[in-house]
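Here is a short report for a reader new to this structure. Look at the sequence and the fold first, then read on.

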Amino acid sequence: MSSYSLNRDIRSFEAASAVGGRLIVAASGTAGKVAAGTAGTDKNLGVSERVGGPAGEMLDVTVAGLTEVVAGGDLDFNDPVTADANGRAVKAVAVEGETVFVVGFIRAEGTTGDVLPIHVAPSLIVTPAAA
């Protein structure tokens, strides 16, 4: 992955709560602060850098480009991912009547606990409610 190390956008945000390294982060609800993502419907925006950070401190977050994330389940190459309850990457799937915040696309195959390359490219899966 070293060939991609300069091809990413890293921003710093204040951590609303402690965030581990290589986890999906989301807007916390407090302006300008982030926390570990806990669901696909959170406003997931990027992936914390490898060291993470404590509450109240600045946290480096990759908001675009290639980095690494901890898997929360079985993932295949190019799966769109969102956060599980612990901020780990799980496959993003449509949910009727909800907006799912995709943080990016996995660039390898792996399973729970693996550290996998991810192309951070936030997007949405919007599924209308049944009429």
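## Contacts along the chain

Take the contacts in the protein between residues at least 6 apart in sequence. Of these, 59% join residues at least 24 apart. The model is predicted.

Two pairs put distances on the picture. Pro117 and Gly21 lie 96 residues apart in sequence, and their C-alpha atoms are 14 Å apart in space. Gly20 and Val95 are 75 residues apart along the chain, with 27 Å between their C-alpha atoms.

## Strands and overall form

What elements make up the protein? It has nine strands and zero helices. Read from the N terminus on, the order is β-β-β-β-β-β-β-β-β.

The C-alpha trace spans about 45 × 35 × 25 Å along its principal axes. The radius of gyration is 14 Å. A compact globule of 131 residues would have a value near 14 Å, so the two agree.

## Nonpolar cores

In soluble globular proteins, nonpolar side chains tend to be buried together. Here the largest nonpolar core holds 13 residues. Ile24, Val69, Leu75, Val81, Ile106 and Ile118 touch the most other members of this core. Strand E6 (80-83), strand E8 (99-106) and strand E9 (115-126) are the elements that give two or more residues to it. Which element gives the most? E9 does, with three residues.

A second, separate core has seven residues. Among them are Ala15, Val19, Val25 and Leu59. Across the protein, buried residues make up 37% of the 131 residues.

## Surface and charge

The accessible surface of the protein comes to about 6,600 Å². Carbon and sulfur atoms account for 52% of that surface.

How many charged side chains does the protein have? There are 9 positive and 15 negative ones. The centres of the two sets lie 5 Å apart.

## The loop between E1 and E2

Strand E1 (8-15) and strand E2 (24-27) are joined by a loop that holds Arg22. Gly20 is in the loop between E1 and E2 as well. Is Gly20 buried or exposed? Neither label fits, because its relative accessibility is 31%, and Gly20 counts as partly exposed. Leaving aside its neighbours within four places in sequence, Gly20 is in contact with Ser48 and Gly52.

Arg22 has a relative accessibility of 24%, so it too counts as partly exposed. Its backbone deserves a look. Phi of Arg22 is near 60°, which is positive in a residue other than glycine. Most residues other than glycine have a negative phi.

## Another positive phi

Asn78 is found in the loop between strand E5 (58-70) and E6. Its phi is near 75°, a positive value in a residue other than glycine. Asn78 has 39% relative accessibility and therefore counts as partly exposed.

## A proline in a strand

Where is Pro117? Its place is in strand E9. Pro117 has a relative accessible area of 23%. Buried means under 20%, so Pro117 is partly exposed. Strand E9 is also the element that gives three residues to the largest nonpolar core.

Notes. Residues numbered from 1 in each chain as written. Predicted model: local features only at pLDDT ≥ 70, side-chain atom pairs only at ≥ 80, totals over all residues. Heavy atoms only, no water. Core = buried A, V, L, I, M, F, W, Y, C linked by side-chain atoms within 4.5 Å. Buried < 20%, exposed > 50% of the residue type's maximum accessible area, 1.4 Å probe, protein only. Helix = DSSP H or I, 4+ residues; strand = E, 2+ residues; numbered from the N terminus. Rg over C-alpha atoms; globule rule 2.2 N^0.38 Å. Contact = heavy atoms within 4.5 Å. Areas by Shrake-Rupley, 256 points an atom, 1.4 Å probe, with all protein chains shown as cover. Lys, Arg positive; Asp, Glu negative; His and termini not counted. Charge placed at Lys NZ, Arg CZ, Asp CG, Glu CD.
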